[in-house]
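Dear colleague,

Please find the structure below, followed by my notes on what was found in it.

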Amino acid sequence: MKKIGKGKKLTVVRYLFTYVCAVLVVIPILYMILSAFKNPNEVNKIVSLPSGFYLENFKAVFENSVAVRSFMNSIIISGTTIIIDIGLCSLAAYAIGRRKEKYFSFLYMLFLSAMMIPVVANLPSIYNIIMKFHLKDTRTSLVLIYAATQIPMGILLFTGFIKGIPAELDEAAIIDGCGYIRRFRSVIFPLLKPVVVTYALTSLVTVWNDFLMPLMMISSENKKPITLAVYSFVNEHQSDYGAIFAMLVVAMLPPIILFVALQKHFYEGLSAGAVKG
């Protein structure tokens, strides 16, 4: 019998490790999905399968006004944040990627260094700023916080992608009489579709799933995002775990659907931004 080479052993170990990690990730998700279809008598049985498709849990979610409103709040907050950051980051990255002065390189490194500071470390200062501007308990506070914290990643991705766009396109646009803004709007921005999709999806996941900032900033029921809507199924005496699991399944669908629909552009923008940056 031939002995297995060292390289093949390492390959087997890598694949085994990958499969184990995949199982560890899938098990909680699978448990959540299965529990969403369990009736109240089954939901506390961890290892059991649902006896059928019990849809009352999803009915409870869609009939809960707080849950429905929170879903819309998350869409508004996430969409506004992404639109703001795409405009700011693409314009800033265009200047950084095209200008050769040293202070633009310094600004680029400054933006990247902000990625190394965890958001939790800035919570006291963020809270004080929000309070001084009287933005506590507003959706605007979340939009501003998310927009600020997502800028470094946007600068990284957009700058890397713009550096890969030939400068001759800018020169041709200048000859045609285009100014800076028109040159960016008409020539550069249409080419940024892959990195726009990449940045939008990564930001969406971060903003959509965040729990800490809404918990600190929002107290009104009609302004809570979807991550806080789970509390609408929890009370002092008992919790509707079936509805909670159904709520979580509904909450994870939009990012997954968008990723599946746009994954081609996502990978294209991610690889281009990382390699060329």
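Which residues does alanine 36 touch, not counting residues up to four places away in sequence? With contact taken as heavy atoms within 4.5 Å, alanine 36 touches Tyr54, Asn57, Phe58, Gly242, Phe245, Ala246 and Val249.

This is a predicted model, in which local features need pLDDT of at least 70 and side-chain atom pairs count only at pLDDT 80 or more, while totals for chains, interfaces and linings use all residues. Residues are numbered from 1 along each chain as its sequence is written, and side-chain values use heavy atoms, with hydrogens and water left out.

Ala36 also belongs to the largest nonpolar core (a set of buried Ala, Val, Leu, Ile, Met, Phe, Trp, Tyr and Cys residues joined through side-chain atoms within 4.5 Å), which has 46 residues and in which Ala36, Phe58, Phe158, Ile188, Leu192, Phe233 and Met247 touch the most other members. Among the helices (DSSP runs of H or I, at least four residues, numbered from the N terminus), helix 11 gives the most to this core, with nine residues. Apart from this core lies another, of 13 residues, including Ile77, Ile126, Leu142 and Ile218.

Asparagine 57, in helix 2 (residues 56–63), counts as buried at 5% relative accessibility, where buried means under 20% relative accessible area, exposed over 50% and partly exposed in between (1.4 Å probe, protein chains only). With the same sequence exclusion, its contacts include Ser35, Lys38 and Asp240.

As for the cysteines, Cys21 is partly exposed at 30%, whereas Cys178 is buried at 14%; counting pairs of cysteine sulfur atoms within 2.5 Å as disulfides, the total is zero.

With best regards

Conventions
Helices (H or I, at least four residues) and strands (E, at least two) are DSSP runs, numbered from the N terminus.
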